[in-house]
Amino acid sequence: MPIQTLKVGALGTHRTLGLAKAKRAAFLLASTSEVYGDPLVHPQREDYWATSTRSAPRVYDEAKRFAEASRWPTTASTASTPHRAHLQHLRRAHAAGRRPRDPRLHHAGPRRQPITVYGDGSQTRSFQYISDLVDGIWRLMQGAGHGPGDIGNPHEMTLLALAEKIRRLSGSPSEIVFEPLPEDDPKVRQPDIGRARTLLGWEPRVAVDEGLGRTIAWFRTRLARA
């Protein structure tokens with residue numbers, strides 16, 4: 001849905017920023033580590049300009065880039081007025097936990113269904129538990145504007161290792177199935193959370209295995225009820 005995705009980042013951000021200014025409301029711009037594209041530096045810092053392609057079918061990262069660009073002139077134009085909105089800006093890394101938006105990987109183990117891995121699974125991601133993400137957002141919204149901040153777990157792993165970990169923690173015989181790698185899929189992803197540690201006193205507290213264990217237990221409860 002490329003057109004709709006671009007409109008959310010552009011028109012949606014523009015209109016909600018205006019609403020926040022008019023109502024003197026707090027505004028959280030929830031960006032993403034996807035703005036780093038397929039990075040040439042590792043781990044990724046907030047001041048990294050990143051690389052991306054404008055000709056790929058996946059435009060989610062470009063929509064988020066536009067949203068971030070929309071924040072700065074709004075901040076500057078309202079800084080000296082009594083109507084300034086309280087604006088904060090985070091770049092969320094991957095998260096796991098209860099009620100996930102995309103549960104395919106997490107519930108495959110408890111359901112004993114095949115676990116899909118794209119490519120050879122060597123691409124890396126960094127997963128945080130949902131309670132750590134919420135804590136980071138809460139701390140960010142309590143303070144003055146700090147610019148974009150990475151909220152994520154710097155513990156990096158391959159997606160194949162993640163699939164094997166889910167299979168082990170769920171005690172499932174699920175087969176790992178390999179599918180073609182999507183176009184423009186980033187090879188590595190690991191946040192640098194130095195700013196969050198320094199300015200917010202935040203860092204993830206829930207280990208990956210513990211967070212996945214809680215998530216699997218939640219899915220099992222849901223499946224039992226169903």
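**Exercise 1.** Which strands does helix α7 lie across, and at about what angle does the helix run to β5?

*Solution.* A friendly reminder before you start: this is a predicted model. Find helix α7 at residues 208-225. Follow the helix over the sheet, and you will see that α7 lies across β3, β5 and β7. Now take β5 as the reference: helix α7 runs at about 65° to this strand.

**Exercise 2.** Work out which strands stand at the edges of the sheet.

*Solution.* Begin with the strand order, which is β3-β5-β7 in an open, three-stranded sheet with mixed pairing. Next, look at the partners: β3 (94-96) and β7 (156-158) each have a single partner strand, so one side of each is left without a neighbour in the sheet. As a last step, turn to the twist, which averages 50° from one strand to the next.

**Exercise 3.** Describe how β3 is joined to β5, then find the residue opposite His94.

*Solution.* Strand β5 covers residues 124-129, and three bridges join β3 to it. The two strands run parallel. Within this pairing, Phe127 of β5 stands opposite His94. Helix α5 (residues 159-170) also packs on the sheet, where it touches β5 and β7. The direction of α5 makes about 85° with that of β7.

**Exercise 4.** Classify the ring pair of Trp218 and Phe219.

*Solution.* The model has two aromatic pairs. For Trp218 and Phe219, check the distance first: the ring centres are 5.0 Å apart. Then check the planes: they stand at 70°, and over 60 degrees counts as edge-to-face, so this pair is edge-to-face. Finally, consider exposure: both Trp218 and Phe219 are buried.

Terms used: Residues numbered from 1 in each chain as written. Predicted model: local features only at pLDDT ≥ 70, side-chain atom pairs only at ≥ 80, totals over all residues. Heavy atoms only, no water. Pairing = 2+ DSSP bridges. Helix = DSSP H or I, 4+ residues; strand = E, 2+ residues; numbered from the N terminus. Axes fitted to C-alpha atoms, helices over the stretch in contact; angles between N-to-C directions. Contact = heavy atoms within 4.5 Å. Phe/Tyr/Trp six-rings, centres within 6.5 Å; stacked < 30°, edge-to-face > 60°. Buried < 20%, exposed > 50% of the residue type's maximum accessible area, 1.4 Å probe, protein only.
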